[in-house]
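Here is a brief report on aromatic contacts and strand pairing. Please keep the structure open while reading.

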Amino acid sequence: MYRGAMKVYQSVLLLFNCQFLHTLALDCTVMSGNLKQIDAGSGSVVGVNNLNEAFVLIDNVFTKISGSLKHFSVGPAGQLGVNTANNIFKFQSGNFIQFPGEELQRAKLQKIYL
């Protein structure tokens with residue numbers, strides 16, 4: 001009895017999704033260029049291409065910013081990037097500011113030993 005009811009429920013849910021949820025789709029636009037990594041959050045979209053060049057989406061255009069990163073991410077802490085030497089940077093006021101390595105190492109050790 002349970003298995004049959006579950007199949008009916010799944011069928012109704014699938015029908016509902018097909019009939020109504022397609023109207024919730026976002027209007028997406030294909031943009032020129034290639035990114036190996038992209039991230040979006042906190043109102044920002046950022047990415048990195050195969051040459052480790054960093055980009056920020058400004059007015060629907062990916063704008064190259066100074067700096068070479070292998071990964072670029074956004075979130076509540078801001079826009080953070082990592083270069084090929086694994087140094088961490090925060091993007092602030094149009095510039096990348098490196099996080100001091102000693103503070104990061106100390107924080108990592110504190111986490112390990114707590």
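The report takes the aromatic rings, then the strands. The model is predicted.

**Aromatic pairs**

How many aromatic pairs are there? The count comes to four. One of them joins Phe72 and Phe91 in an edge-to-face arrangement. Their ring centres lie 6.3 Å apart, with 80° between the planes. This pair links distant parts of the chain. Phe72 sits in strand S5 (residues 71-75), and Phe91 in strand S7 (residues 88-92). The two residues are 19 residues apart. Phe72 and Phe91 are buried.

Why is the pair of Phe89 and Phe96 edge-to-face? The planes of Phe89 and Phe96 stand at 80°, so the pair falls in that class, for which the angle must be over 60 degrees. The centres of these rings are 6.4 Å apart. Phe89 and Phe96 are both buried. One aromatic cluster is formed by Phe72, Phe89, Phe91 and Phe96.

**Antiparallel strands**

Strand S1 (residues 37-41) runs antiparallel to strand S2 (residues 44-48). S2 also pairs in the antiparallel sense with strand S3 (residues 53-58). The table sets out both pairings.

| Strands | Bridges | A bridge pair | Residues between strands | Positive phi |
|---|---|---|---|---|
| S1 and S2 | five | Ala40 and Val45 | two residues | Ser42, near 55° |
| S2 and S3 | three | Gly47 and Phe55 | four residues | Asn52, near 65° |

Each pairing is a hairpin: S1 with S2, and S2 with S3. Ser42 belongs to the hairpin of S1 and S2. Asn52 belongs to the hairpin of S2 and S3.

How values were computed
Residues are numbered from 1 along each chain as its sequence is written. This is a predicted model: local features need pLDDT of at least 70, side-chain atom pairs count only at pLDDT 80 or more; totals for chains, interfaces and linings use all residues. Side-chain values use heavy atoms; hydrogens and water are left out. Rings of Phe, Tyr and Trp (its six-membered ring) pair if their centres lie within 6.5 Å; planes under 30 degrees apart count as stacked, over 60 as edge-to-face and the rest as tilted. Buried means under 20% relative accessible area, exposed over 50%, partly exposed in between (1.4 Å probe, protein chains only). Two strands pair if DSSP finds at least two bridges between them.
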